[in-house]
Structures are given as C-alpha cells and as structure tokens.
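User: Please take a close look at the ligand site, and then set that part within the rest of the chain. I would like one connected account, with each cut-off explained where it is used.

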Amino acid sequence: MPKGLMQDRPLLISSLIEHAACFHPHAEIVSRTTEGPIHRCTYADIHRRAKQLANALEVRGVGPGDRIATLAWNGYRHMELYYGVSGMGAVLHTINPRLFPEQIEYIVNHAEDQFLFFDLSFVPLVERLAKALPTVRGFVVMTDREHLPECSIPRLLCYEELLDAQTSDYLWPQFDETTASSLCYTSGTTGNPKGVLYSHRSSVLHSWAACATDGLAIGAGETALLVVPMFHVNAWGMPYAGAMCGARLVMPGPALDGKSVYQLMRDEKVTLALGVPTVWLMLLQYVDAERLTPKEDLCLRRVVIGGSSAPRAMSERFETTFGAFVVHAWGMTEMSPLGTVCNLLPKHGGYTLEQRLGIQEKQGRAVYGVEMKIVDDDGASLPHDGMASGHLLVRGPWITCGYYRDEGTSALDAAGFFDTGDVATIDADGYMQITDRSKDVIKSGGEWISSIALENAAIGHPAVAEAAVIGAPHPKWQERPLLIVVRKPGQALDRESMLQFLAGKVTHWWLPDDVAFVDELPHTATGKLHKLRLRELFRDYRLPHSR
Ligand code: ADP
C-alpha cells in the first residue's frame, strides 16, 4: 500500500509544553502551595523550569526510561516534573500518598525508582520509608532552601537548588512516540497495586480527546480547577490537555476541604472544576453549613465528576445552587483515564431539568478513540438497548495492553479488548451506564441488583450524607441488599422512613432488606467506597428475615 506524503513528527509530551509556551505564554498556572501562599506562574515559566529540571536530572545520570517518582499534591512544581521528566525521555512515576506505606514501599521498589521528589507534607512518610527504598539515589524535597525541613532523610536534595544550578538551555530530544512517558499504579484494593505505563503517543492522543467539544470541551477561555490529584491518573490528563489548548489551570495543593476549594473557585474565577464525588460532598456540605450563595459568588459553569458514580441529587444541587452543569465522565487508570463523557445530544434540547438529570445520571458516550462493547458471561455481545447489562470491554490507543513488569501476560482478550471489571448497559443513543463493579453486583435469586442504583437513590434523601449497598448472605435468595447509611449531622432518619423513601424509586424487589446506620464509611486511596472492607465489616451481619 502506498504511504501518505505527510511529515512523520512523533507525538511527544514535550511538544505540548513547547506549544503552550509559544502560543499561550501568559496563560496562568495558579497553585496553592504546601508552604502556604498562592503562587502564580505561566506556561512559559513551566517550560523554562522544566528544561532546567531536565538538565539537573541529566547531570545526575538520569537517562531514557529511568523512573522518577513523585509524592506530591497538585502544584506548579509537580507540573514541571510532568514535562521535565517525560520530556527528557525518562518515566514519571506519580505515587498516590494515600496508599498504605507498605504499598508505597512495594511500588517504589517494583518500579525501581531512581529519584523521589516529594512535597513538604510527606517528610514524615519519606523518613519512615527511605531505608527500605534501595534503588532511590536521591530524595528531592520540592521546596526552596528557606523551607528545607530538619529531618533524617538520607541523600536529601532541595528542588529549587537543583534548578538554580542549571540554565534553561536544553533541546527536547526527539524519539519514538511509543516510548514510555509515565507510570501510575492502580490502588490495588485486592492484591498488590499494578503499574499502568503510558506512552507519549497515548498521552497526546488522550489530550486531544479531552479538549474535543464532545470530550471535556476545554479551551483557552477556560479556568480549570484540578481537584482530581495529579497522582490519580495524571489528574485525568488535564496537565497535558491544559497545555494543548492553553487553559488557565488552578491547583489546590493539599487543601481539598470545602472551605479551601470554595475560596479558590471564588478568588480565581474558576469556570470548570474536576473531581470525584467525595470531594464534592465536602464542598456541598460546606455551602449548606455556611448558607453560601454560589450562584452569586462564583463563575462556575461546569463540574466534571468521575471516579465513582455522580448521583442524580448531586447533579441537581450543582445545577440549582451553583448554576453549573454536571458533566458525568467514566474511565479508569488503565484507560488514561477517559472512556465516556456525558454530553447532551440535539434531541435533548427541549428536555425539562427532570428529564435531563435522567440522562446525566448515565456515564455517557464513548469519545472517539474508545471502542466499547458489553458481553455476557460467555463473551457474546449484548444489545445496546439500555436494558441488557453485561461486562464492559474496551479497546483503543490510550488503553493498556498489559501491566508493568508483568512480563508475558496480556490483559486483553483475543480481539484485543480489555475487560474493565465494570458491568454496564448501553442505550440506543450510545449512552453507557455503569450498574456495578462485577465484584460488587448483588446476585439475588439469579438476577442482578445494582448497588450503584440503590446508593444513588438513597443519597437523594435530604438526611443522607453518604450511602453504600452491599450484598448480605440470604438463605433463599443467595444475597439481598443491605443499605448502609451515614446521616447528615443532626438529622434523624430511621430504617422505615429510609425504605419508604426508596419505595417507588427502585423496582420493588430491589428494595434493601435492611438499613444499617454508621458514623462513616471506609474509602479507598482514590476516594471510592471501599466495598471489600465494608463486606468484611458486615461479615457476621444477618438480615432480619434470615435470622
Ligand atoms: P482505582 O485506582 O481506584 O482503581 P480508577 O480510577 O482506575 O481508580 O478506577 C476505575 C473504576 O472506577 C472504574 O472501573 C469504575 O468502576 C469506577 N468509575 C470511574 N468513573 C466512574 C463513574 N463515573 N461512575 C461509576 N463508576 C466509575
């Protein structure tokens, strides 16, 4: 076949920051720092300092493919590492500090990281781990000399001193676009965490999908608040997509409580915010407690919610209280993470808010680049009728084909599809809706009950702060749903009124057999309900009529 006569330019991460520095040089990166104050810089500054960083790593012998780890919040220095490390051909390994220390030790050793860059907040953690990390040649604290901590960390280096010693004279090397660029381990709620290794090509293609109108629709006119951490699937690719389109980025640092997030939204005139439902719960509770008026105070137009299901009640609150549209999105670490985005179609134009919220509850339509199908237990494709639910399989250029150093084992089926571990429906318009993780689905008398649908319905009750549903053993039906509820502070709510509220909102045979009230629910390192832990906690629980 004849080749096209087009230039063969590799899709490299360095080209994103070069573009931003050239065409959006003054667009700001605003960071709340670990040291305290708000810091402002531009894409041009990030580009310059990323090159200084690349020089600093090069003189210390870091070469192509070497892994450089970070334990850091969202901020400008972390962004410099994104570009400096990947840009020079090394691999940026972002570590989730919310993992157990033993898991962090495991993944640093598994990845054989050579340098570990960390924020001041993690000094005690690094002090505790340093001795157990033999591959790490230097521990770089991401601050200046003035803020250097008194600590026992060996081979300690200061970030600003590393940079100060270098010029920004550096030419980004050109190499094959399929070269590894960054590494992120899944949270490993069962077994050891597994490494997902992204490439330059996958990261750049993913950024295009994020910027696209039917993706996250970001552009130079946007001020985006990245509440989603840069250690969680590269903050959903936003540090790359932001540079691609010149969006102004706001980074909250360690302060993710309702008050701090609200202040940043207000002071920095944020138009788009991205995060998981648990942080939005904190924000909504703060707004309620302080009786704030977000519609008047803020410029927020859209909120992207992913990582867990965005309950209908949450989308409604953002719409009515904030005047902001919730964009529900779905993906996973193995997918860079973007899979589907819930944007509306022209036919939804005349919909009432009620009808529209029914659409927004779904996780959305596949962005170009992601192929998606649902299959039964035997692998046979199921219809896209919004009714049939099955295992969700995906294929595409920013989806993993195997885990890091898991040699020889492919994560794919014969046709090249990756099993997401999610169970979903797809309707005739292509809207996908997650009904469960396959491990969490409640199997009752041969039928499946969606724990997510029940949780979303329960959270609609004004006295409910958070809700989880697990399957409890039942002698006749095998499993029946048990609803576990955290009440809002000072609210009275009992089993009967909770069940009454749910009746009519879900099919009658889905109604939970019992309701348990707890003070808090366990969460994973990425802010999801920790169902495995919940099932352990309620192992000896007996449902009322099975006693
Ligand atoms: P972890 O490191 O916790 O595994 P991931 O982000 O990779 O983090 O988790 C991916 C999983 O999160 C998906 O397979 C799915 O089960 C869940 N998920 C992500 N987005 C949504 C969503 N919008 N609705 C429901 N579940 C979601």
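Analyst: The account below begins with the ligand site and then moves outward to the whole protein and to a few local details.

This is a predicted model, in which local features need a pLDDT of at least 70 and side-chain atom pairs count only at pLDDT 80 or more, whereas totals for chains, interfaces and linings use all residues. Residues are numbered from 1 along each chain as its sequence is written, and side-chain values use heavy atoms, with hydrogens and water left out.

The shell around the ligand consists of 17 residues, of which Ala329, Thr333, Asp422, Arg437 and Thr526 come nearest; a residue is counted as near if one of its heavy atoms lies within 4 Å of the molecule. By class, three of the shell residues are nonpolar, eleven are polar and three are charged. In this scheme Ala, Val, Leu, Ile, Met, Phe, Trp, Tyr, Cys and Pro are nonpolar, Asp, Glu, Lys and Arg are charged, and the others, Gly among them, are polar. Strand 14 (residues 325-331) contributes four residues, the most to this shell. Strands here are DSSP runs of E with at least two residues and helices are runs of H or I with at least four, numbered from the N terminus.

Several side chains make polar contacts with the ligand, a polar contact being a pair of N or O atoms within 3.5 Å; within protein, one atom must be able to donate a hydrogen and the other to accept it, and residues adjacent in sequence count only if both atoms are side-chain atoms. A polar side-chain atom of Thr333 lies 2.6 Å from an oxygen atom of the ligand, and an N or O atom in the side chain of Arg437 is likewise 2.6 Å from a ligand oxygen. Gln363 approaches a nitrogen atom of the ligand instead, with a polar side-chain atom at 2.8 Å. On its own the ligand has 570 Å² of accessible area, and the protein covers 91% of that area; such areas come from the Shrake-Rupley method with a 1.4 Å probe, and for residues only the protein chains shown count as cover.

The surroundings of strand 14 deserve a look as well. Pro337 sits in the loop between strand 14 and strand 15 (338-341), and the peptide bond that leads from Ser336 to Pro337 is cis, with omega near 10°. Most peptide bonds are trans, and most residues other than glycine have a negative phi. Helix 13 (residues 312-322) has among its buried residues Met314, Phe318 and Phe322, where buried means under 20% relative accessible area, exposed over 50%, and partly exposed in between (1.4 Å probe, protein chains only). The buried residues of helix 13 pack against several elements, including strand 14, helix 10 (258-267) and helix 14 (353-360). Helix 13 is followed by Gly323, whose phi is positive, near 65°.

Within the whole protein, the secondary structure comes to 17 helices and 25 strands. The radius of gyration is 24 Å, which agrees with the value near 24 Å for a compact globule of 547 residues; that radius is taken over C-alpha atoms, and the globule rule is 2.2 Å times the number of residues to the power 0.38. Of the 547 residues, 58% count as buried. Among contacts (heavy atoms within 4.5 Å) between residues at least 6 apart in sequence, 67% join residues at least 24 apart.

Two further places show how buried residues are held in this model's description. Helix 9 (residues 238-245) is mostly covered, with eight of its eight residues buried, and just after helix 9 Gly246 takes a positive phi of about 75°. Asn55, found in helix 2 (residues 43-59), counts as buried because its relative accessibility is 11%. A polar atom of the Asn55 side chain lies 2.9 Å from the backbone oxygen of Thr167, and, leaving aside neighbours within four places in sequence, Asn55 is in contact with Gln166, Thr167, Asp169 and Tyr170.

Finally, a positive phi also appears outside glycine. Glu112, in the loop between helix 4 (101-111) and strand 5 (115-118), has a phi near 55° and is partly exposed, with a relative accessible area of 37%. Arg405 lies in the loop between strand 18 (390-395) and strand 19 (418-426), and phi of Arg405 is near 55°.
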